[in-house]
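Hi,

Here is the structure I promised to pass on to you. Have a look at it first, and then read on for what turned up in it.

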Amino acid sequence: ELLRDEGILIIRPEGSLEASDFQRIAEEVDPYIEATGRLHGVMIDAESFPGWKDFAALVAHLRFVKDHHRSIERIAAVSDSNFLAIAPKIASHFVQADVRHFPHSQREQALAWLRGK
């Protein structure tokens, strides 16, 4: 879901991530980034981390991050997953965006942070 007026992308994975998921996201956000220069934020809203369907999905995920990380200001990982709780520490070595974890119960606080509040 792309909140165009705010420049915020909300991703809600349902099931294992597939390579085609990242292609669909890119098709949605690339024209927006081209027109505006960047996304203010991305929220990954997943109560638990669904994992990748296969190696191709992992590669597509890494390629998406490589191609887009300079165009995103903030990333909020909203999840009770232990994996997504440590993701900001790992991601800080690879992306320019400010990445933070929020427990799933703090989804609204995460959205406010993405909005700059």
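To start you off: how many bridges join S4 to S5, and do these strands run parallel or antiparallel? Before you count, keep in mind that this is a predicted model. The answer is five bridges, with S4 and S5 running parallel. One of the places to check is Ile-75, which stands opposite Val-99 in S5.

**The sheet**

Now zoom out to the whole sheet. It is open and has five strands, in the order S1-S2-S3-S4-S5, with mixed pairing. S1 (2-3) and S5 (98-102) are the edge strands, and each has a single partner strand, so one side of each has no neighbour in the sheet. If you are wondering what holds such strands together, here is the textbook bit: strands of a sheet pair through backbone hydrogen bonds, either parallel or antiparallel.

On its other side, S4 (residues 72-78) pairs with S3 (residues 39-45), in the parallel sense and over six bridges. You can find this pairing by eye: Leu-39 stands opposite Ile-72 in S4, and the bridge partner of Ile-44 is Ala-77, also in S4. Together with H2, these two strands make a right-handed β-α-β unit. S4 is mostly covered, with five of its seven residues buried.

**The cores**

Next, the nonpolar residues. In soluble globular proteins, nonpolar side chains tend to be buried together. Here the largest nonpolar core has 18 residues, and Leu-9, Val-29, Leu-39, Val-42, Phe-64, Ile-72 and Ile-75 are the ones with the most contacts inside it. Helix H1 (19-36), S3, helix H2 (55-68) and S4 are the elements that give two or more residues to this core. H1 supplies the largest share, six residues. Apart from this core lies another one, of 11 residues, including Ile-10, Met-43, Ala-110 and Trp-113.

Ile-75 is a good residue to click on. Leaving out residues up to four places away in sequence, Ile-75 touches Val-42, Ile-44, Ala-97, Asp-98, Val-99, Arg-100, Trp-113 and Leu-114.

Ile-8 is worth a click too. Ile-8 sits in strand S2 (residues 8-11) and is buried, with a relative accessible area of 0%. Not counting neighbours within four places in sequence, Ile-8 is in contact with Glu-1, Leu-2, Leu-3, Gly-41, Leu-111, Leu-114 and Arg-115. Ile-8 and Met-43 are 35 residues apart in sequence, while their C-alpha atoms are 7.5 Å apart in space.

For a contrast, try Ala-56 in helix H2. Ala-56 has 43% relative accessibility, so it counts as partly exposed. Ala-56 and Asp-45 are 11 residues apart along the chain, and 22 Å separates their C-alpha atoms.

**The aromatic pairs**

How many aromatic pairs does a search of the whole structure find? It finds two. In one of them, the rings of Phe-22 and Phe-64 have centres 6.2 Å apart and planes at 45 degrees, so this pair is tilted. Phe-22 belongs to helix H1 and Phe-64 to helix H2, so the pair ties together parts that are 42 residues apart in sequence. Phe-22 is buried, at 9% relative accessible area, and Phe-64 counts as buried at 14%.

Phe-102 and Trp-113 form the other tilted pair, with 5.8 Å from centre to centre and 50 degrees between the planes. Since Phe-102 lies in strand S5 and Trp-113 in helix H4, this pair ties together parts that are 11 residues apart in sequence. Both Phe-102 and Trp-113 are buried.

**A buried arginine**

Last stop: is Arg-107 buried or exposed? Arg-107 lies in helix H4 (residues 107-114). Its relative accessible area is 18%, so with buried meaning under 20%, Arg-107 is buried. The side chains of Arg-107 and Asp-45 are joined by a polar contact of 2.7 Å. Leaving aside residues up to four places away in sequence, Arg-107 touches Ile-10, Arg-12, Met-43, Asp-45 and Val-78.

Have fun clicking around!

Cheers

Note on methods: Residues are numbered from 1 along each chain as its sequence is written. This is a predicted model: local features need pLDDT of at least 70, side-chain atom pairs count only at pLDDT 80 or more; totals for chains, interfaces and linings use all residues. Side-chain values use heavy atoms; hydrogens and water are left out. Two strands pair if DSSP finds at least two bridges between them. Helices (H or I, at least four residues) and strands (E, at least two) are DSSP runs, numbered from the N terminus. A nonpolar core is a set of buried Ala, Val, Leu, Ile, Met, Phe, Trp, Tyr and Cys residues joined through side-chain atoms within 4.5 Å. Buried means under 20% relative accessible area, exposed over 50%, partly exposed in between (1.4 Å probe, protein chains only). Contact means heavy atoms within 4.5 Å. A polar contact is a pair of N or O atoms within 3.5 Å; within protein, one must be able to donate a hydrogen and the other to accept it, and residues adjacent in sequence count only if both atoms are side-chain atoms. A crossover is right-handed if, with the strands pointing away from the viewer, the path from the first strand over the helix to the second runs clockwise. Rings of Phe, Tyr and Trp (its six-membered ring) pair if their centres lie within 6.5 Å; planes under 30 degrees apart count as stacked, over 60 as edge-to-face and the rest as tilted.
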